[in-house]
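Could you walk me through this structure as you would for a colleague at the next desk? I'd like running text that I can follow with the model open.

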Amino acid sequence: AKAAGRNQYEFFVPDMNARAFERLMLENALRRGIERNELVLHYQPQIEARSGQVNGCEALVRWNHPDLGLVPPLQFIPVAEDSGLIGPLGEWVLREACRQQAQWQNSSMSELRMAINISALQFLKPDFVDTVKRALADTGANPQRIELEITESALMQPGTALTGRLLQLRDMGLTLALDDFGTGYSCLAYLKRLPIRRLKIDHSFVRDLPGDQEDAAVTSATLSLARDLGLEVVAEGVETVEQRDYLLARGCHSLQGFMYSRPLTIADFEAWTEARRQP
Ligand code: C2E
Ligand code: CA
Ligand code: CA
Ligand code: CA
């Protein structure tokens with residue numbers, strides 16, 4: 001038993017150490033990356049379902065690592081959340097997206113909504129509203145064009161402070177969208193009480209539409225609930241005409257997905273949007 005235990009020990013611990021070490025390396029590299037301005041935003045168009053016109057975009061962060069190339073967010077957002085780096089990272093994203101929106105003012109892009117992902121940890125920081133205020137003031141972004149995408153987990157902290165925070169943001173002119181709707185504990189009572197303007201149907205529900213009965217049920221229930229509550233719905237992960245038609249027929253307001261475009265660099269997004277406007 002002793003020998004087995006020893007073997008286990010030798011096998012187990014170095015492996016854990018290696019993983020912890022890798023994590024630490026990644027964390028340090030990310031910290032440096034943020035300092036060295038290696039983060040970049042890509043923009044994915046959102047399309048008004050009825051007209052087919054671009055009505056906004058979602059800003060999605062990437063890390064342009066000198067050796068690794070473009071690192072996708074799911075590989076470093078969790079590290080940022082565990083290490084506290086989500087604070088500076090989230091603030092960079094917020095300011096960069098606001099700066100971009102401000103640059104669009106007085107241009108043909110001025111009407112576009114800029115949707116920004118906000119991590120629950122970022123949203124729950126006591127100074128979050130002040131951070132947003134400062135970003136708006138410093139960049140000159142139009143709050144009416146800024147949408148904050150928050151997840152259900154950010155709303156799972158009951159209490160009035162949270163509601164007050166949402167109301168403050170709403171009163172500043174921003175809109176709030178509930179991201180990944182249906183994947184968490186959907187506490188439907190929140191929807192009525194909180195100043196949420198839009199729901200984002202997660203792409204896990206869209207992927208197997210219209211064939212999958214459960215996904216179809218969740219999607220159409222979400223759309224009719226939203227209609228009754230006066231909320232708009234954005235569906236993400238729209239890849240096919242069949243998915244689009246299903247969503248359109250049930251009153252989905254906006255569509256986002258590879259069927260229209262992948263997330264694009266700023267130059268490509270602007271060119272794509274211009275080209276789509278041509279008659
Ligand atoms: P999300 O908020 O659900 O964003 C949508 C993700 O779906 C994006 O992945 C997008 O590229 C992808 N997507 C869009 N259309 C399609 C499609 O038609 N098919 C498929 N299969 N996928 C599609 P991405 O950019 O890799 O981002 C992944 C997640 O990382 C985001 O999921 C979000 O939770 C997080 N994230 C991205 N940027 C930020 C950020 O700036 N801050 C925070 N806190 N989180 C971010
Ligand atoms: Ca999102
Ligand atoms: Ca998400
Ligand atoms: Ca999602």
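Here is a tour that goes from the metal sites to the pockets, then the core, and ends with some backbone details.

Keep in mind throughout that this is a predicted model. A good place to start is Asp180, which sits in strand E6, residues 175–181. Asp180 coordinates the calcium ion (ligand 3) through OD atoms, at 2.5 to 3.1 Å. That calcium ion (ligand 3) lies 4.5 Å from the calcium ion (ligand 2).

Asp180 turns up again at the calcium ion (ligand 4), where the protein donors are Asp180 (OD), Asp202 (OD) and Glu236 (OE), at 1.9 to 2.2 Å. Along the sequence, these donor residues follow the spacing D-x21-D-x33-E. Asp180 and Glu236 are 56 residues apart, so this pair links distant parts of the chain: Asp180 is in strand E6, while Glu236 is in the loop between strand E8 (232–235) and helix H11 (241–249). As for the neighbouring metal, 5.4 Å separate the calcium ion (ligand 4) from the calcium ion (ligand 2).

Are Asp180 and Glu236 buried or exposed? Asp180 has a relative accessible area of 26%, so it counts as partly exposed. Glu236 comes out at 10% relative accessibility, and because buried means under 20%, Glu236 falls in the buried class.

Now for the pockets. The largest one has a volume of about 1100 Å³. It is lined by 38 residues, and the ones closest to its centre are Glu58, Leu60, Pro73, Leu74 and Asn117. Which elements each supply at least two residues of that lining? They are strand E2 (54–65), helix H2 (77–83), H3, helix H4 (120–123), strand E5 (146–151) and E6. E2 provides the largest share, with five residues. By class, the lining of the largest pocket splits into 15 nonpolar, twelve polar and eleven charged residues.

The second largest pocket has a volume of about 170 Å³. Its lining includes Glu111, Arg113, Arg145, Glu147, Arg197, Arg198 and Glu232, along with Leu112, Gln144, Gly173 and Thr175. That gives one nonpolar, three polar and seven charged residues.

Next, look at the inside. The largest nonpolar core holds 74 residues, and Leu148 and Leu169 have the most contacts within it. Helix H3 (residues 86–104) contributes the most to this core, giving eight residues. To get a feel for the packing, centre your view on Leu169: beyond its neighbours within four places in sequence, it is in contact with Phe123, Phe128, Val129, Val132, Leu148, Leu174 and Leu176.

A few backbone details are worth a stop before you close the viewer. The peptide bond from Leu209 to Pro210 is cis, with omega near -5°. You'll find Pro210 in the loop between helix H9 (203–206) and helix H10 (213–229).

Then there are positive phi values in residues that aren't glycine. Asn106 has a phi of about 60° and belongs to the loop between H3 and strand E4 (113–117). Asn106 is exposed, since its relative accessible area is 84%. Asp180, back at the calcium sites, also has a positive phi, near 55°. So this one residue in strand E6 donates to the calcium ion (ligand 3) and to the calcium ion (ligand 4), and it is partly exposed.

Terms used: Residues numbered from 1 in each chain as written. Chains lettered and ligands numbered in written order. Predicted model: local features only at pLDDT ≥ 70, side-chain atom pairs only at ≥ 80, totals over all residues. Heavy atoms only, no water. Donors = N, O, S within 2.8 Å, 3.2 Å for Na, K, Ca; no water. Helix = DSSP H or I, 4+ residues; strand = E, 2+ residues; numbered from the N terminus. Core = buried A, V, L, I, M, F, W, Y, C linked by side-chain atoms within 4.5 Å. Buried < 20%, exposed > 50% of the residue type's maximum accessible area, 1.4 Å probe, protein only. Contact = heavy atoms within 4.5 Å. 1 Å grid on protein atoms, 1.4 Å probe; cavity = no way out; pocket = protein on both sides within 12 Å on 5 of 7 lines; lining within 4 Å. Points joined across faces, edges and corners; volume = space filled by probe spheres on them. Nonpolar A, V, L, I, M, F, W, Y, C, P; charged D, E, K, R; others polar.
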